[in-house]
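The following pages invite the reader to examine a single protein chain and to become acquainted with its parts one after another.

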Amino acid sequence: MPAQIMRTAYSKVSVKSQTVLPAEVREWLSIGPGDRLRYVITPEGVTIDKAPAEGEDPFVAFTEWGSPIDDEDYADL
């Protein structure tokens, strides 16, 4: 996101660890009911974006390499 349009939005986490995405985040990511989110965890922080449709992700079939250890080992690729 270019610096000139950087904004901040907030939401609370419920006792069930749920939150509501602020309207401007939903609009920015074109998120609607039934869409999936992707959380990318790095040493610098967490990035949230709209997950590609399952049919669009070429690696979705490789579940044997989907453990947290694999994510860490292959994070720099």
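The explanation below moves from the whole chain to its strands, its pocket and several individual residues.

The model is a predicted one. The protein chain holds 77 residues, and buried residues make up 6% of them. Its secondary structure comes to two helices and two strands, and from the N terminus on the elements follow the order α-β-β-α. The helix α1 covers residues 23-29, strand β1 covers residues 37-42 and strand β2 covers residues 45-50, and the helix α2 covers residues 68-73. The accessible surface of the chain amounts to about 7,200 Å², with 57% of that surface belonging to carbon and sulfur atoms. Among the contacts in the chain with a separation of 6 or more, residues 24 or more positions apart account for 2%.

The two strands deserve attention next. In which direction do β1 and β2 run, parallel or antiparallel? They run antiparallel, and six bridges join the one to the other. The connection from β1 to β2 is a hairpin, made through two residues. Individual pairings can be followed across the two strands: Ile-41 has Val-46 of β2 as its bridge partner, and Tyr-39 stands opposite Ile-48 in β2.

Thr-47 is likewise found in strand β2. Once its neighbours within four places in sequence are left aside, Thr-47 is in contact with Arg-38, Tyr-39 and Val-40. Thr-47 counts as partly exposed because its relative accessibility is 47%, a value that lies between the 20% limit for buried residues and the 50% limit for exposed ones.

Arg-36 may be considered alongside the strands, although its place is in the loop between α1 and β1. Which residues does Arg-36 touch, if those up to four places away in sequence are not counted? They are Asp-49, Lys-50, Ala-51, Pro-52 and Glu-54. One of these, Asp-49, is 13 residues from Arg-36 along the chain, and the C-alpha atoms of the two are separated by 8.8 Å. With a relative accessible area of 45%, Arg-36 is therefore described as partly exposed.

The discussion now turns to a pocket. The second largest pocket has a volume of about 620 Å³. It is lined by 20 residues, and those nearest its centre are Ala-9, Leu-21, Pro-22, Val-25 and Ile-48. Ile-48, already met as the residue opposite Tyr-39, thus appears here again among the lining residues nearest the centre of the pocket. Which elements each supply at least two residues of this lining? They are α1, β1 and β2. The largest share, four residues, comes from α1. Sorted by class, the lining of the second largest pocket consists of 14 nonpolar, four polar and two charged residues.

Two serines are of interest for their backbone angles. Most residues other than glycine have a negative phi. In Ser-17, phi is near 60°, a positive value in a residue other than glycine. Ser-30 likewise has a positive phi, near 55°. Ser-17 is placed in the segment before α1, whereas Ser-30 lies in the loop between α1 and β1. Is Ser-17 buried or exposed? Its relative accessible area is 61%, so Ser-17 is exposed, the limit for that description being over 50%.

The final part of the chain contains two further residues that may be related to the strands. Ala-75 is found in the segment after α2. Ala-75 and Ile-41 are 34 residues apart along the chain, and their C-alpha atoms are separated by 9.3 Å. Ala-75 counts as exposed because its relative accessibility is 55%. Asp-76 also has its place in the segment after α2. Asp-76 and Thr-42 are 34 residues apart in sequence, and the distance between them in space, C-alpha to C-alpha, is 10.0 Å. At 81% relative accessibility, Asp-76 therefore counts as exposed.

Conventions:
Residues are numbered from 1 along each chain as its sequence is written. This is a predicted model: local features need pLDDT of at least 70, side-chain atom pairs count only at pLDDT 80 or more; totals for chains, interfaces and linings use all residues. Side-chain values use heavy atoms; hydrogens and water are left out. Two strands pair if DSSP finds at least two bridges between them. Buried means under 20% relative accessible area, exposed over 50%, partly exposed in between (1.4 Å probe, protein chains only). On a 1 Å grid over the protein atoms alone, a cavity is a set of points where a 1.4 Å probe fits but cannot get out, and a pocket is an open set with protein on both sides within 12 Å along at least five of seven lines; lining residues have an atom within 4 Å of a point. Grid points are joined across faces, edges and corners, and a volume is the space filled by probe spheres set on the points. Ala, Val, Leu, Ile, Met, Phe, Trp, Tyr, Cys and Pro count as nonpolar, Asp, Glu, Lys and Arg as charged, and the others, Gly among them, as polar. Contact means heavy atoms within 4.5 Å. Accessible areas come from the Shrake-Rupley method with a 1.4 Å probe; for residues, only the protein chains shown count as cover.
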